[in-house]
Amino acid sequence: MTNPFSQSSNSLSKHHSQPRPSLRSDVLDALSRLPELENGALIEEIFETLVRMTQQEAERLDWKILSRSLLDMEIGFQSFYPYRHTRKVTVFGSARTPSDRPEYQMAVEFARRISQEGFMVMTGAGGGIMQAGNEGAGRDRSFGLNIQLPFEQGANSTMTGDDKLIDFRYFFTRKLFFLKESDAIALFPGGFGTQDEAFESLTLIQTGKAAPLPLVLIDRPGGDYWKSWDYYLRNRLLDQELISPDDTSLYHLTDSIDDAIASIEDFYRMYHSSRYVDNQLVIRLKAPLCAGGIDRLNDEYPDILTKGTIREVSAFPVEQDDETVSLPRLALHFNQRNQGRLHQMIRFLGKLGIPCDEVQHPEKK
């Protein structure tokens with residue numbers, strides 16, 4: 001079996017290479033500018049890590065993995081940065097679904113309509129459901145995160161030659177960007193890869209390693225692909241107490257495009273984003289809560305707190321340089337365990353906001 005990390009790269013093929021003459025001056029210049037850079041402290045940590053690694057024993061393959069991973073991340077960061085204020089919906093599903101299947105046509109329609117609402121669409125850039133997603137959204141509203149495989153995976157016709165087509169060497173760097181950049185995930189029926197994407201997304205959300213986001217499982221009208229999957233979760237995992245009842249709130253099953261889009265838009269009706277500050281979960285809102293809204297939250301969701309109450313707050317000192325500094329906020333000592341209940345609360349927030357223009361634009365962030 002071929003080692004997935006052993007593919008050669010022209011830039012790494014020489015056992016002995018001389019650093020380019022300007023490298024030393026570039027490094028020294030970067031180090032000298034660290035105090036001026038907004039994220040200088042983090043960049044300094046990266047330099048320190050790299051220096052420590054040069055002082056330790058490591059195999060050549062380790063360095064190749066590190067080098068190629070950094071190259072994957074560099075192009076990913078650069079490609080997504082201009083679109084950081086637009087929410088993106090990832091469409092997953094089988095690369096083998098032919099265009100005459102109902103699932104393919106639904107993926108086209110879903111992507112077309114969600115992009116018309118202002119969202120962008122991301123896929124794996126291949127055929128089948130991925131092609132349907134890019135086709136429906138159109139080239140201008142699409143991203144393609146391609147992976148180099150010996151079969152099935154070539155960029156589809158919509159994404160070929162586009163600046164938003166990103167070629168990744170490794171699955172793990174590609175998955176990193178799918179989860180980092182996704183604001184919602186729409187899954188259509190698929191094989192091992194689709195199942196992997198569904199369960200990995202659920203695992204990262206359930207454990208708090210990914211930010212809260214809506215996960216929508218879309219089937220053909222009357223189809224039982226996701227119903228059978230849901231039956232397995234409820235009758236093999238939930239009934240043996242391997243997951244909690246509220247974990248089923250982390251995903252939404254539907255065979256309706258209208259319902260799928262509403263599920264995503266409702267999630268972001270009031271919720272903007274979240275982060276942790278001083279061991280408190282800070283939820284940024286698009287608008288202030290209506291009168292009595294905070295009392296309703298505390299009445300409905302005291303079980304997700306380790307102490308205290310849910311409070312309305314302004315930006316914390318560490319957030320003063322953040323682009324979201326003007327947004328209203330909630331702060332709570334979240335137990336970090338009841339992610340399903342947290343998702344329920346985020347959806348409940350949509351009923352508590354003061355009507356305003358921002359609330360009418362869930363695609364903005």
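## Two nonpolar cores

In this predicted model, the largest nonpolar core is made up of 53 residues, and the members with the most contacts inside it are Ile-283, Leu-289, Leu-297, Ile-310 and Leu-330. Apart from this core lies another one, of 23 residues, which includes Phe-119, Ala-184, Ile-218 and Ile-261.

One residue from each core can be used to set the two side by side. Ile-310 belongs to the core of 53 residues and Ile-218 to the core of 23 residues; their C-alpha atoms are separated by 34 Å, and the two residues are 92 places apart along the chain.

## Ile-310 and its surroundings

Ile-310 is part of strand S10, which covers residues 305-313. With a relative accessible area of 2%, Ile-310 falls under the 20% limit and therefore counts as buried. When its neighbours within four places in sequence are left aside, Ile-310 is in contact with Ile-294, Leu-297, Asn-298, Tyr-301, Leu-305, Leu-330, Ala-331, Leu-332 and Met-345.

Several of these contacts lead to helix H10, which spans residues 293-300, and whose buried residues are Gly-293, Ile-294, Leu-297 and Asn-298. Seen down the axis of H10, these buried residues fall within an arc of 135°, so they line one face of the helix. The cover over the buried residues of H10 includes strand S10, strand S11 (329-334) and helix H11 (339-349).

## Glu-181 and Thr-90

Another part of the model brings together a helix and a strand. Glu-181 lies in helix H6, residues 171-181, while Thr-90 lies in strand S1, residues 88-92. The two residues are 91 places apart along the chain, and their C-alpha atoms are separated by 8.7 Å.

Glu-181 is buried, with a relative accessible area of 6%, and Thr-90 is buried as well, with a value of 0%. Not counting residues up to four places away in sequence, Thr-90 touches Met-122, Phe-178, Ser-182, Ala-184, Ile-185 and Ala-186. Glu-181, with its neighbours within four places in sequence left aside, is in contact with Phe-80, Lys-88 and Met-122. Met-122 thus appears in the contact lists of both Glu-181 and Thr-90, and Ala-184, which Thr-90 touches, is among the residues of the core of 23.

## Salt bridges

Side chains of opposite charge can pair when their charged atoms come close. The model has 18 salt bridges by the count used here. One of them joins Arg-87 and Asp-183, whose closest N and O atoms are 3.2 Å apart. This pair links distant parts of the chain, since Arg-87 sits in the loop between helix H3 (60-80) and S1, and Asp-183 in the loop between H6 and strand S5 (184-187), 96 residues apart. Both partners count as buried: Arg-87 has a relative accessibility of 1%, and Asp-183 has one of 7%.

Asp-162 takes part in a salt bridge with Arg-139, where the closest N and O atoms are 3.1 Å apart. Asp-162 lies in the loop between strand S3 (142-147) and strand S4 (165-168), and Arg-139 in the loop between helix H5 (129-137) and S3, so the pair ties together parts that are 23 residues apart in sequence. Asp-162 is buried, at a relative accessible area of 12%, whereas Arg-139, at 33%, counts as partly exposed. The side chain of Asp-162 also meets that of Lys-164 in a salt bridge, at 3.1 Å from N to O, and Lys-164 is buried, with a relative accessible area of 7%. Elsewhere, Arg-284, Glu-319, Asp-322 and Arg-329 are linked in a network of salt bridges.

## A nonpolar patch on the surface

Nonpolar residues are also found at the surface, where Leu-23, Val-27, Leu-28 and Leu-31 form a patch that together has about 300 Å² of accessible area. Val-27, one of the members of this patch, lies in helix H1, which runs over residues 23-33. At 30% relative accessibility, Val-27 counts as partly exposed, in contrast to Ile-310, which is buried at 2%.

Definitions and conventions: Residues numbered from 1 in each chain as written. Predicted model: local features only at pLDDT ≥ 70, side-chain atom pairs only at ≥ 80, totals over all residues. Heavy atoms only, no water. Helix = DSSP H or I, 4+ residues; strand = E, 2+ residues; numbered from the N terminus. Buried < 20%, exposed > 50% of the residue type's maximum accessible area, 1.4 Å probe, protein only. Contact = heavy atoms within 4.5 Å. Arc of directions from axis to C-beta. Core = buried A, V, L, I, M, F, W, Y, C linked by side-chain atoms within 4.5 Å. Patch = residues over 30% accessible without salt bridge, like charges linked within 9 Å, V, L, I, M, F, W, Y side chains within 5 Å. Areas by Shrake-Rupley, 256 points an atom, 1.4 Å probe, with all protein chains shown as cover. Salt bridge = Lys/Arg side-chain N within 4 Å of Asp/Glu carboxyl O.
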